[in-house]
Amino acid sequence: MFVVGMLVGGFCAILFGTLDKCPPGTPFIIVCFACRCIEALGLSAFITAGFAIISNEFPNHVATVFALLETADGIGLMAGPAMGGALYELGGFGLPFFVIGSLILATGVSMLLFLPQPQNRHEERKVSIFSLLKSPMIWFTGQAIVVASIGILFLDPTLSKHLQQFDLSTAVIGLIFVISPGLYGLTSPIWGYISDSKKLRGSLIFLGNLMCGIAFLFIGPSPYLPFLPDELWVIIVGLVIVGIFISLAVVPTMNCLLIGATELGFEDNLDTYGVIAGLFNSIFCLGSFTGPMLGGILIEELGFRYGATVISGIYFFVMFSCGSYFLYRFLSERSTKPGILSVHYESIKSADDDANNLTEDSPVV
């Protein structure tokens, strides 16, 4: 699935570079949509399989390796536009697609040699996929994933227009757009390591949504905070906070989804990792679809400052919702475990009972 997905994606990328030769009008639109849809199928297959493979290879460090994948994704998002623009200037419309598509194809072929062979791929699933909907962990974690994706994609169609008031050059606006994904890529491995080593998940998701909610109050800046001036440095501070803390709301979620699945009876194998990887990508893409659309509506109806405030409110809602659930879960698990004093008392009481049962003929203990 991983290799075939890459091959399909690479081939479609190369094919897209030839579409400038297609007749204009309706034929061009139809072929473009068809090519992109097939490419999306291939890329979703390889991304989902990639998450599953990496989780299966490092089951005790899921958050760490997932964070490294997110770092690689952030690097690609930063390098892609610059690389595409340079190749376009060098060779026209087709060259960026030919180069990137060829690199994807070469990577897919090389994966045939380097990918490890799965050990448990023939195990049958004992639990239905739809049973995942019974898990509160899945639902609350899904909230965090959707909102994190909405926040990231909200800025794409809206921020550049908002920055025009500062009379910035295109290059400076491009650098501002790099702030959040750049910091996201740098900080993701750190938060992933902390999540795995300290077994922290709910508290990190809570903190991530809290800080992102605060960040969007700065990005507006929110009209409800009149002490924040409508200046460029305030927006940059908000983007820095988003870049540092958005990964907190995303990186621990993969582990949370796996925990929710195993609690429902899913086996700890490649099949389960594949199901969870597909679920994560579906939820994230739901937010990616909703974010730009919601951003456009909010900006048209309310303006950027109020729109950013609404996004901030959504983050605060998820912070409260997920925080309440994880706190309830923590207290429930703690209440089911006997305290140290009660265990100590039971051990002493057991020893006393054994001593009282000794007879005169018993050996001295």
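**Entry 1: a helix pair**

I began where Met83, Gly84, Leu87, Tyr88, Leu90 and Gly91 in α3 meet Leu95, Pro96, Val99, Ile100 and Leu103 in α4. I counted a contact when heavy atoms lie within 4.5 Å. By class, this contact holds nine nonpolar, two polar and no charged residues. In this scheme Ala, Val, Leu, Ile, Met, Phe, Trp, Tyr, Cys and Pro are nonpolar, Asp, Glu, Lys and Arg are charged, and the others, Gly among them, are polar.

Next I looked up the angle. The axes of α3 (residues 62-91) and α4 (residues 94-114) come within 7 Å and cross at roughly 125 degrees. Axes are lines fitted to C-alpha atoms, for helices over the stretch in contact, and angles run from 0 to 180 degrees between N-to-C directions. The two helices, α3 and α4, are therefore oblique to each other. The cut-offs are under 35 degrees for roughly parallel, over 145 for roughly antiparallel, 65 to 115 for roughly perpendicular, and oblique for the rest.

**Entry 2: ground rules**

I noted that this is a predicted model, where local features need pLDDT of at least 70, side-chain atom pairs count only at pLDDT 80 or more, and totals for chains, interfaces and linings use all residues. Residues are numbered from 1 along each chain as its sequence is written, and side-chain values use heavy atoms, with hydrogens and water left out.

**Entry 3: the whole chain**

I found 13 helices and zero strands in the chain. Helices (H or I, at least four residues) and strands (E, at least two) are DSSP runs, numbered from the N terminus. Of the 365 residues, 41% are buried. Buried means under 20% relative accessible area, exposed over 50%, and partly exposed in between (1.4 Å probe, protein chains only). Among contacts with a separation of 6 or more, 81% join residues 24 or more positions apart.

**Entry 4: two residues in α11**

I looked up Thr272, placed in helix α11 (residues 270-301). Thr272 is buried, with a relative accessible area of 4%. Leaving out residues up to four places away in sequence, Thr272 touches Ala261, Phe266 and Glu267. Its C-alpha atom is 8.1 Å from that of Ala52, 220 residues apart along the chain.

Gly287 also lies in helix α11. Gly287 is buried, at a relative accessible area of 0%. Outside residues up to four places away, Gly287 touches Val146, Ser149 and Ile150. The C-alpha atoms of Gly287 and Gly151 are separated by 8.4 Å, with their positions 136 residues apart along the chain.

**Entry 5: backbone oddities**

Most residues other than glycine have a negative phi, and most peptide bonds are trans. I looked for exceptions. A cis peptide bond joins Gly220 and Pro221, with omega about -20 degrees. Pro221 lies in the loop between α8 (202-219) and α9 (232-245).

Asp167 has a positive phi, near 55 degrees. This residue, Asp167, sits in the loop between α6 (159-163) and α7 (170-198). Asp167 is exposed, with a relative accessible area of 71%.

**Entry 6: confidence**

I checked pLDDT, the predictor's confidence in each residue, from 0 to 100. The chain has a mean of 82, and 89% of its residues reach 70 or more. Among the elements, helix α13 (residues 340-356) has the lowest mean pLDDT, 46, and helix α1 (residues 2-16) the highest, 92. Over residues 340-348 the pLDDT is below 50, and this stretch has one contact beyond near neighbours in sequence. For residues 358-365 pLDDT stays under 50, and the model has zero contacts there beyond four places in sequence.
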